[in-house]
Amino acid sequence: MSKLPIAVLISGGGSNLQALIDKVEDGTLDVDIKMVLSNRAGAYGLERARKHSIPTCTLSHKDYSSREEFDGEMVRVLKGAGVEAVIMAGFMRIITPVFLSAFPGNIINIHPALLPSFAGAGGQVEASEYGVQISGCTVHFVDEKMDHGAIIIQAAVPAMPGEDVETLTERILQVEHRVLPQATKWLAEGRLSVEGRFVKLTPANVAKAELNTDFPCLINPPLEEGF
Ligand code: GRF
């Protein structure tokens, strides 16, 4: 089977991009990263891509008079590179139907909170300031609303007593680096189908019978004995 040609969209450090590259290079993730596109020229993620000989492109949204015009140019560049699916990994722009319709059902995003809570930029900060006991991250299909599309995978990360937002953010990021490559693999293998808000993974990873006895569950603070 041929490898899914993907682009990774970034705006910053690109540690999620690095996680994808690492999984491609160790043979776990069978995709072809055709391009890394950033809307910020100084994004360190571009360096990471260059180190691994992945073509890069910087398009500043500030050079375009509308979101649609910017998206149209991104589509032109990515299609020109043969891209069929798009991974938004810390890409801090809202996309329009111009972009969505170019890669239907093939755009996913990672968000550093348990959606639908704390959508938008700074999800970790808001969650931390709100005093949540459990935060986490979400990989979802992208639709026309921000941080809204059908959810592929979520991971819960407990907030530790007295923890500051920086360490919580870092711990969430560590988990992001696991779930984004996993979701990308499922996408590349054609194992995800969407019905309304529901994403079905085939074959499912957890048998129904197992769910009844020992289902995965994170409760924080941990329950005391007897509960
Ligand atoms: C991640 O937390 C991502 O979920 C958020 O921005 C951060 C980007 O980190 N949208 P990096 O650029 O992948 O290091």
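**Exercise 1. Find which backbone atoms approach the ligand's oxygen atoms, and how much of the ligand the protein buries.**

Start with Gly 14: one of its backbone N or O atoms lies 2.7 Å from a ligand oxygen atom. The model is predicted. Next, take Asn 16. A polar backbone atom of Asn 16 is 2.8 Å from an oxygen atom of the ligand. Then take Gly 13, where a backbone N or O atom sits 3.4 Å from a ligand oxygen. The cut-off for a polar contact is 3.5 Å between N or O atoms. Now turn to area. The ligand alone exposes 370 Å². The protein buries 83% of that.

**Exercise 2. Describe the site: which pocket is it, and which residues and elements surround the ligand?**

First, the pocket. The ligand takes up the space of the largest pocket. Second, the elements. Helix H1 (15-25) and helix H6 (165-188) each give two or more residues to the shell. Third, the residues. Among them are Gly 12, Ser 15, Gly 90, Ile 110, Pro 112, Gln 124, Leu 173 and Glu 176. Last, sort the shell by class. It has three nonpolar, seven polar and one charged residues.

**Exercise 3. Work out how strands S8 and S9 pair.**

Begin with direction. S8 (residues 192-195) and S9 (residues 198-201) run antiparallel. Four bridges join them. Next, pick out one facing pair: Leu 192 in S8 stands opposite Leu 201 in S9. Finish at the turn. Two residues lie between the strands of this hairpin. Gly 196 takes a positive phi near 60° there.

Notes
Residues numbered from 1 in each chain as written. Predicted model: local features only at pLDDT ≥ 70, side-chain atom pairs only at ≥ 80, totals over all residues. Heavy atoms only, no water. Near = heavy atom within 4 Å. Polar contact = N/O pair within 3.5 Å; in protein donor to acceptor, adjacent residues only side chain to side chain. Areas by Shrake-Rupley, 256 points an atom, 1.4 Å probe, with all protein chains shown as cover. 1 Å grid on protein atoms, 1.4 Å probe; cavity = no way out; pocket = protein on both sides within 12 Å on 5 of 7 lines; lining within 4 Å. Sits in = over half its atoms within 2 Å of the grid points. Nonpolar A, V, L, I, M, F, W, Y, C, P; charged D, E, K, R; others polar. Pairing = 2+ DSSP bridges.
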